[in-house]
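Let's take a friendly walk through this model, from its strands and helices to its pocket. Have the coordinates open as you read.

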Amino acid sequence: MDPDLELKRWTRKEYEQLVEQEFFTRKDRIELIDGLLVVAEPQSAYHYTTIRFVARVVAQTFGAGWDVRTEAPVALDDNSVPEPDVAVVRGELLDYLTAHPSDPVLVVEVSLSSVALDRRHKSSLYARAGRPEYWIVDLVNRRLEVRREPVASTTAPYGWDYEQVQVLSGAESVSPLAAPSARIAVADLLPSV
């Protein structure tokens with residue numbers, strides 16, 4: 001990027017005002033990431049179906065008292081409103097009638113063509129916001145990356161990343177931090193093509 005270019009950074013409040021005024025259309029697929037408007041990954045049938053698989057498995061795992069949101073805004077901080085593929089938040093659907101949730105206990109991105117972006121930028125963004133657990137469903141390599149323990153990092157784009165990164169194959173399972181007695185088979189998150 002040209003260092004002489006001046007960028008306009010948007011706040012979450014400004015972004016939400018644009019959304020309320022219907023400035024963006026459904027086709028725009030925009031997220032606010034650290035004050036910048038970022039175009040979201042296009043969705044193939046495989047990508048979208050995997051999002052639905054993940055959401056179904058996670059909803060069954062967490063049960064009542066949790067809202068499992070798909071491709072929905074999360075008011076992460078004053079400069080970011082990402083729309084993770086799956087996010088788990090406390091409460092029920094109607095608890096978020098007037099404001100987007102800000103503290104998901106689990107965030108999941110399904111990656112087909114965006115693995116590098118999800119590993120570097122999204123990981124740093126969610127860690128900066130103190131989200132305790134971030135998963136990447138890597139469809140290319142058919143595995144699950146589990147990221148935990150946000151820590152400051154001078155090499156991460158937003159100054160934070162996860163200290164613990166565990167890569168799990170389809171034969172393994174994982175217990176979400178917010179549902180420690182539950183076990184999710186990684187294979188259940190990876191539909192066959």
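In what follows, buried means under 20% relative accessible area, and exposed means over 50%. Please keep in mind that this is a predicted model.

**A hairpin to begin with**

Strand S1 covers residues 30-33, with Ile30 and Leu32 pointing one way and Glu31 and Ile33 the other way. Which of these are buried? All of them are, Glu31 included. The partner of S1 is strand S2 (residues 36-39), and the two pair in the antiparallel sense over 4 bridges. Within this pairing, Ile30 stands opposite Val39 in S2. The hairpin of S1 and S2 has 2 residues between the strands, and Asp34 takes a positive phi near 50 degrees there.

**The open sheet**

As background, strands of a sheet pair through backbone hydrogen bonds, either parallel or antiparallel. Here, 6 strands form an open sheet with mixed pairing, in the order S3-S4-S5-S6-S7-S8. Its edges are strand S3 (66-70) and strand S8 (160-169), each of which pairs on one side only. From one strand to the next, the twist averages 20 degrees.

How do the helices sit against this sheet? Helix H2 (residues 45-62) packs on it, touching S3, S4, S5 and strand S6 (133-138), and its direction makes about 155 degrees with that of S5. Helix H3 (residues 115-128) also packs on the sheet, where it touches S5, S6, strand S7 (143-152) and S8; the direction of H3 makes about 130 degrees with that of S8.

Strand S4 deserves a closer look. Because 4 of the 5 residues of S4 are buried, this strand is largely enclosed by the rest of the structure. S4 runs antiparallel to S3, to which 5 bridges join it. S4 is also antiparallel to S5, with 3 bridges between them. Some of the residue pairs along S4 are listed here.

| Residue | Stands opposite or bridges to |
|---|---|
| Trp66 | Arg90 in S4 |
| Val86 | Val108 in S5 |
| Ala87 | Val107 in S5 |

**Two contrasting residues**

Is Ser123 buried or exposed? Ser123, which has its place in helix H3, is buried, because its relative accessible area is 0%, under the 20% cut-off. Leaving aside neighbours within four places in sequence, Ser123 is in contact with Asp118, Tyr134, Arg147, Asp161 and Tyr162.

Leu93 lies in the loop between strand S4 (86-90) and strand S5 (106-111). With a relative accessible area of 60%, Leu93 is exposed, since the value is over 50%. Leu93 and Val146 are 53 residues apart in sequence, and their C-alpha atoms are 26 Å apart in space.

**The largest pocket**

Rolling a probe the size of a water molecule over the atoms shows where empty space is left. In this model the largest pocket holds about 650 Å³ of space. How many residues line the largest pocket? Its lining has 19 residues, and those nearest its centre are Tyr15, Val19, Pro73, Glu83 and His100. Helix H1 (residues 12-20) gives the largest share of this lining, with 5 residues. By chemical type, the lining of the largest pocket divides into 8 nonpolar, 3 polar and 8 charged residues.

Definitions and conventions. Residues are numbered from 1 along each chain as its sequence is written. This is a predicted model: local features need pLDDT of at least 70, side-chain atom pairs count only at pLDDT 80 or more; totals for chains, interfaces and linings use all residues. Side-chain values use heavy atoms; hydrogens and water are left out. On a 1 Å grid over the protein atoms alone, a cavity is a set of points where a 1.4 Å probe fits but cannot get out, and a pocket is an open set with protein on both sides within 12 Å along at least five of seven lines; lining residues have an atom within 4 Å of a point. Grid points are joined across faces, edges and corners, and a volume is the space filled by probe spheres set on the points. Ala, Val, Leu, Ile, Met, Phe, Trp, Tyr, Cys and Pro count as nonpolar, Asp, Glu, Lys and Arg as charged, and the others, Gly among them, as polar. Buried means under 20% relative accessible area, exposed over 50%, partly exposed in between (1.4 Å probe, protein chains only). Two strands pair if DSSP finds at least two bridges between them. Axes are lines fitted to C-alpha atoms, for helices over the stretch in contact, and angles run from 0 to 180 degrees between N-to-C directions. Contact means heavy atoms within 4.5 Å.
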